[in-house]
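Thanks for sharing this one. Here are some notes to read alongside the model, in no strict order of priority.

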Amino acid sequence: MGRERDRRRMPRVMTVPGSICELDDDQAHSVSSENPSSLAGDRMIVVANLLPLKAKRRPDNKGWSFNWNEDSLILRLRDGLPEDMEVIFVGSLCVVVDPIEQDDVSNYLLEKFRCVPAFLPPNIVEKYYEGFCKRHLWPLFHYMLPFSPDHGGRFDRSMWEAYVSANKLFSQKVVEVLNPEDDFVWIHDYHLMVLPTFLRRRFNRLRMGFFLHSPFPSSEIYRTLPVREEILKALLCADIIGFHTFDYARHFLSCCSRMLGLEYQSKRGYIGLEYYGRTVGIKIMPVGIHMGHIENMKKLAAKELKLKELNQQFEGKTVLLGVDDLDVFKGINLKLLAMEHMLKQHPKWEKQAVLVQIASPTRGKGIDLKEIQAEILESCKRINKQFGKPGYDPVVYIDREISSSERMAYYSIAECVVVTAVRDGMNLIPYEYIACRQGMSGSEVDSDVDGPKKSMLVVSEFIGCSPSLSGAIRVNPWNVEATAEAMNEAISMAEPEKQLRHEKHYRYVSTHDVGYWARSFLQDMERTCIDHFRKRTYGIGLGFGFRVVSLDPNFRKLSIDEIESAYIKSKSRAIFLDYDGTMMPQNSIIKSPSAEVISILNRICADQNNAVFIVSGRGRDSLDKWFSPCRKLGLAAEHGYFLRWSQDKDWETCSQNSDFGWMHLAEPVMQSYTDSTDGSCIEKKESAIVWQYRDADPGFGFSQAKEMLDHLESVLANEPVAVKSGQFIVEVKPQGVSKGLVAEKIFTSLAERAKMADFVLCIGDDRSDEDMFEIIGDALSRDILSYDTKVFACTVGQKPSKAKYYLDDTSEVRFMLESLADATITPTTSSDEEAEDLA
């Protein structure tokens, strides 16, 4: 890069096994984003479980030699990043380095490779990788539930603690080289799913993305994980979360909805989750391959004469190829059974078709590997015994690690690649095969380079690359008979059709390579983080309940001192209070106001300069009964359709529409959806009718509500009503009725009586209250409020709102109102005089 910072050394790091601090210890050592790092500039810090390096001990046993792992996907993503963007890799090594050598290795890798190794203590590695990652997360994310200790294993809390500790160690390595103002951090895969929490705790504005390379299971599977919410909340500390397919993203969003109550929105083609004022982007983009690496490996295969050797070995044969890791989810034996069935049903392929199955050993212990291996070997032996002839084995099984160049040689001689994984995150084997079958530019050794290019694929519908390969024959691998027929169809297909399918696939694979994937992810990360330094942010919560609250600069917490001072100085006050979610918690079983609330309201209402109103969506009978002790309190029921200035005044309607014949049309429609949606109900009011689905299945309830909204709008198209959806409700009410109109009417009445309000307090918690906030802003320009009126529009909870202030919860609302009650001067005028004056 030629920059001075490239020559700087990484600070000393912990190189011996040590004790891992508890999660909350970071709070004591939290640093702000303004603290400079030892390395400065625009950079991408890529964090993965393994560094993209190969390591081996030197022949003299003195030190280590390192070189790039050219097969590493993490290494290849550099091609999609800007040329002047420095890339630093953080991860562990695939070898164990002696503690006394770790300092030297760390400094060498930073200087030569821009890599920062994380040396995990041995007692953590076993429980972190072999334990939680491979025995819990990996099986669960591939839809294997731990029904017995032999299949997946029971949840072990100590393994989870090791996983957290390992993630914290990775975070410490990132912090050592991080410049939080300028750097991007890109975290990869399920090994590091809680890492975003540790980084976000220290740097609120850090630009951070996460990409999951494995499947994300459906909510029915994921919810069985005992630490399900901890992982979801940790991931939501990232700014953008990437998945290979929409299915995986949909499952994640469903989990966020069902377990955290979060709903996503799609704006201009981008999916986002609103989380405490932050928008967490959801990126759907399958990863690609590195075309240059494929071409280089194929040239190497030709140079090593491996391609020539294989052409001679399988001369005159039709080769079907399987390339898989030896894993319980790869469906290798299902593929062998399909091959066996094809030979039985289509005898013409005897002595002709050969299935070459390469099974690479997996890193780690895996699950049921001995049983899988035994099953595969038994199937190979049976098939070769039944269909084999002298000089012909229908199945060639290779259970060793093969080089990339040798793999390219097998691709070159294969007529069809078969992938029968029962669940796989992406699987790039089909992409590699397509690129290899295209040939090599300018090659003289490729026998196919001058001929037509063709490739055939039989792929499982349960792998991540399947949706992008529209020309492949997709199969359910569990259906052995259908897979066998697909294999027969693939190798029997007419040559022109094979060529057309190949051309279609190659256009996609060559343009959507790993560079395209990385470039697209970086662009979306930049877009998602564009407001980071404009908004005010701060962290709240402990442990994995930690989250960053991001607020507009003009949106701030309501100061008790500020509002109390304005309250005391003012002469005419208008106070509007929502009830449910504002004065009373939404989840409270007892809905009536407490004696404390009644006392506070009575003290505030006692001031003749105060016009105080409860503005609620509830019916007037309920409000009248609950607030009967408050004689001077004004009530607005059913979102303002009914209004009463004080207890000794009559209810009046705020709408000209008194014909409710439309209810006979709306109620049967709602009833039909209630009958088919368990947990839903109808609430019938005097002026409105509401369908509630708070206790229904969230996904199904939302779908039904959307359908009902369209249905009601169609049925009531010619009626003077408005159909609106809210939080777990669909409501039909007369047109022109809103809480905002209540506020407007009261402002106008006060102005007409020369008591124009110079203090306005409006508090609410949901979408209907936003109408009041909006009207208050308009009233300032319409001369029903003076230009110097002190306005306190306040929402409950930190969320996007038209209000400029917020309070965290109902208890803070009550505390604030109590402060105003304490500052209230009790007047000497009678209640009758005050009510007469207002009305």
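The points below go from the whole chain to its cores and then to its charged pairs.

1. **What kind of model this is.** Please keep in mind that this is a predicted model. Everything below is computed from its atoms, with local features taken where pLDDT is at least 70.

2. **Overall layout.** The chain has 839 residues, and 56% of them count as buried. Its secondary structure comprises 26 helices and 32 strands. Along the principal axes, the C-alpha atoms occupy a box of roughly 110 × 65 × 50 Å. Among contacts with a separation of 6 or more, 73% join residues 24 or more positions apart.

3. **Surface and charge.** About 35900 Å² of the chain is exposed, and carbon and sulfur atoms supply 49% of that area. There are 121 negative side chains and 103 positive ones, and the centres of these two sets lie 5 Å apart.

4. **The largest core.** In soluble globular proteins, nonpolar side chains tend to be buried together. Here, the largest nonpolar core holds 181 residues, and Tyr128, Phe216 and Phe252 have the most contacts inside it. Helix H4, spanning residues 157–177, gives the most to this core, with 10 residues.

5. **Around Phe252.** Which residues does Phe252 touch, leaving aside its neighbours within four places in sequence? The list is Phe216, Leu232, Leu235, Leu236, Ile241, Phe243, Leu273 and Ile282. Phe216 thus appears both here as a contact of Phe252 and among the residues with the most contacts inside the core.

6. **A second core.** A separate core of 42 residues is also present, and Ala566, Cys630, Leu635 and Val813 are included in it.

7. **A covered helix.** You may like to look at helix H5, residues 195–202, where eight of eight residues are buried. The buried set includes Leu195, Pro196, Phe198 and Leu199, but also Arg200, Arg201 and Arg202.

8. **Glu101 and Arg57.** By the rule used here, the chain has 39 salt bridges. One of them joins Glu101 to Arg57, with the closest N and O atoms 3.1 Å apart. This pair links distant parts of the chain: Arg57 sits in strand E2 (residues 53–57), while Glu101 is 44 residues away in the loop between strand E4 (86–92) and helix H2 (102–113). Is Glu101 buried or exposed? Its relative accessible area is 17%, so Glu101 counts as buried, because the cut-off for buried is under 20%. Arg57, at 30%, is partly exposed.

9. **Asp580 and Arg618.** These two side chains form a salt bridge with an N to O distance of 2.7 Å. Asp580 is in the loop between strand E21 (573–577) and helix H19 (595–605), and Arg618 is in the loop between strand E22 (610–615) and helix H20 (620–626), so the pair ties together parts that are 38 residues apart in sequence. Asp580 is buried, with a relative accessible area of 14%.

10. **Arg556 and Glu562.** Another salt bridge connects Arg556 with Glu562, at 3.2 Å from N to O. Arg556 is partly exposed, with a relative accessibility of 32%. Glu562 is likewise partly exposed, at 29%.

11. **A linked group.** Finally, Lys306, Glu309, Arg400 and Glu406 are joined in a network of salt bridges.

Technical notes. Residues numbered from 1 in each chain as written. Predicted model: local features only at pLDDT ≥ 70, side-chain atom pairs only at ≥ 80, totals over all residues. Heavy atoms only, no water. Core = buried A, V, L, I, M, F, W, Y, C linked by side-chain atoms within 4.5 Å. Buried < 20%, exposed > 50% of the residue type's maximum accessible area, 1.4 Å probe, protein only. Helix = DSSP H or I, 4+ residues; strand = E, 2+ residues; numbered from the N terminus. Contact = heavy atoms within 4.5 Å. Areas by Shrake-Rupley, 256 points an atom, 1.4 Å probe, with all protein chains shown as cover. Lys, Arg positive; Asp, Glu negative; His and termini not counted. Charge placed at Lys NZ, Arg CZ, Asp CG, Glu CD. Salt bridge = Lys/Arg side-chain N within 4 Å of Asp/Glu carboxyl O.
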